[in-house]
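Reader: I should like to understand how the terms applied to this structure are justified. Please set each value against its definition.

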2 protein chains.
Amino acid sequence: MATPNIGFDPQAFRNALGTFTTGVTIITTQAEDGSPVGITANSFNSVSLNPPLVLWSLSKKARSLPVFSTGKHWNVHVLSTEQESLSGRFATQGEDKFAEIQFDSGISEAPLLQDCTARFQCRTAFQYEGGDHVIFVGEVLAFDHSERAPLAFQSGQYALATRKPRSELRLATTPPPPECSYTEDLLGYLLGRAHYQLLNALRLLLNNQQLDEQAFFILSVLCIRDNLSLEEINTFVNYTGHEVTLPSMRFLERQNLVAIEGVPGQQRFVLTANGREASLQQLALAKLVEEDLSAKLGPADAQALKVLLKRLIVVSDPGLPDLWAPR
Amino acid sequence: MATPNIGFDPQAFRNALGTFTTGVTIITTQAEDGSPVGITANSFNSVSLNPPLVLWSLSKKARSLPVFSTGKHWNVHVLSTEQESLSGRFATQGEDKFAEIQFDSGISEAPLLQDCTARFQCRTAFQYEGGDHVIFVGEVLAFDHSERAPLAFQSGQYALATRKPRSELRLATTPPPPECSYTEDLLGYLLGRAHYQLLNALRLLLNNQQLDEQAFFILSVLCIRDNLSLEEINTFVNYTGHEVTLPSMRFLERQNLVAIEGVPGQQRFVLTANGREASLQQLALAKLVEEDLSAKLGPADAQALKVLLKRLIVVSDPGLPDLWAPR
């Protein structure tokens, strides 16, 4: 622990406060002239169940303070992971925040935004002094909530909250013996096992149709980017440690999945109609496997897993060429 | 969106409120008799920067209400992911919550817990009416914060907040053409690429020492569980689609990594001292690769990735035997 800060560097204080994870809300009301008003806030929290009360704080310098102070009704929208751009829009002054936004009709005139994780329609119960902020406590008159995964905020950045198992999740039924330094906690083990289990699920769906892992990679590469030389194919797959050779391409040719064009030494490989169909079928089944697993993990955690894998790929990228780049 | 709830099923209201992600805090104070008091709360939030104010709410039914109401000082501890059990302990009535807990000395007599993500030492500034709760607003007199990843709470469960890139993270420099249904967003692609990039990084560290993926698996299995038949080895690795054959074991024998014991048909395979050393070296390097990548992702996100991979493995497990089980 660092030495306590007494005297207060505001940035250090903000950083310390930022370690407390929050959701993200947009709070809306209607001005006296009928115009909609809204701001992004993460100072929301629940207060009371009976009566149902929630609170949030608004800076005394906020241009919307007079409207919220005099208005009676406001709506709190707990934003979903899909609404990050909306959060940004309502956090920025001056923009026409409500341009092209559809409202639902609520119990007051305050705008009721759509596609949120949860919404609370409130009437001001108390306004309390809070230093450079005013604390608004509202009675909840109505609420609803959807299955959309909520957006989180952590240390100044948007975040996804992924479920943490109550006790440590163990794959093995027994803890490893203490002398064994190779444990199931090794990231490399987890990635390899997850990869091969997914491939295994796909193989079962393909139902005895032999799915050689390398053939799967080659067909996928050609499906995205057809008509490649052997060297070009290898630039996309050699990081797997499995080099693609002419015999493996000849094998795919015999299965009528790939056609070989050009003279020896300058051969290029193209998918046959049959090969394209096989690749698209594999892809469709891979999506099916993914949908099944995403449903089991929950959509928010499946999304978080993909984000984390992408970040891992970026930080461990050995410099692979862009398979999807235009030619 | 569901129809708004007017009339209030308390459970539905709690569920809707729970969609707002929070951190987890323990708030402590000292009773007049000198005994320490503490409770778990996720109703914490920041209020004001100047003066520095924070707030939280306490149920009017809480046994600690009189102490907090009359006491002047209390400390807020933003818990780290390692402190989940502490959170549980302080959320439960009656336990001797402070048994065997070490305190740091703070600016008041309120207990100051150790190993937290952040701590705020406060003096009550206001107590406000909040329905069935009292809202405590405190002036922050001192604070500190560490690099420990914070614990989050979401929909009634502990959670990890993983950083969400500001814009959608794309591996490819250009979006895929619309007719290409094979995109980098496919979970199978991400898992395969992440797996092979990790293996590739390991291969580079092994510095030209040939690392055949299958050999790596075989050595790892034998390192955990030695003296296996070919059939037994295959029960642990055949989900990878790469069957281990006698010739591949003979190849490892020629490299003096594996010894073959028993008569043909009843052969068993054991690691040589050399093979064990090679396996442990691979393991040490795999940990090095993991440490490097974890530092780049950040420890909290690396932890979240491993939790998510374990959950994925559990839900896609084809029924693999437990490699670490006692024999």
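Reader: What makes the relation of chain A to chain B that of a two-fold axis?

Author: In this predicted model, a rotation of 180° with 0.0 Å of shift along its axis superposes chain A on chain B, with an RMSD of 0.2 Å. The superposition is by least squares on the C-alpha atoms of residues with pLDDT of at least 70 in both copies. That is the relation of a two-fold axis.

Reader: On what conventions do such statements rest?

Author: Residues are numbered from 1 along each chain as its sequence is written, and chains are lettered from A, and ligands numbered from 1, in the order in which they are written. The model is predicted, so local features need pLDDT of at least 70, side-chain atom pairs count only at pLDDT 80 or more, and totals for chains, interfaces and linings use all residues, while side-chain values use heavy atoms, with hydrogens and water left out.

Reader: How do you know that the copies meet through the same surface?

Author: Contact means heavy atoms within 4.5 Å, and 145 residues of chain A are in contact with 145 residues of chain B. Of the interface residues of chain A, 100% are also interface residues in chain B, so the copies meet through the same surface. The area buried between the chains is about 13900 Å², with 68% given by carbon and sulfur atoms; buried area is the accessible area (1.4 Å probe) that two parts lose on being put together, summed over both.

Reader: Why is the pair of Lys310(A) and Asp185(B) called a salt bridge?

Author: The term requires a side-chain nitrogen of Lys or Arg within 4 Å of a carboxyl oxygen of Asp or Glu. The closest N and O atoms of Lys310(A) and Asp185(B) are 2.6 Å apart, so the pair meets the rule. Arg193(A) and Asp317(B) also form a salt bridge, with their closest N and O atoms 3.3 Å apart. This pair runs from helix H4 (residues 187-205) of chain A to the segment after H9 of chain B. The rule finds ten salt bridges across the interface and 30 over all chains.

Reader: What makes the peptide bond from Asn50(A) to Pro51(A) worth naming?

Author: Most residues other than glycine have a negative phi, and most peptide bonds are trans. The bond from Asn50(A) to Pro51(A) is cis, with omega near 5°, and the bond from Asn50(B) to Pro51(B) is cis, with omega near 0°. Pro51(A) lies in the loop between strand E4 (45-48) and strand E5 (53-59) of chain A; strands are DSSP runs (E, at least two residues), as helices are (H or I, at least four), numbered from the N terminus.

Reader: What is the phi of Ser155(A)?

Author: Ser155(A) has a positive phi of about 50° although it is not a glycine. Ser155(A) is placed in the loop between strand E11 (151-154) and strand E12 (157-163) of chain A.
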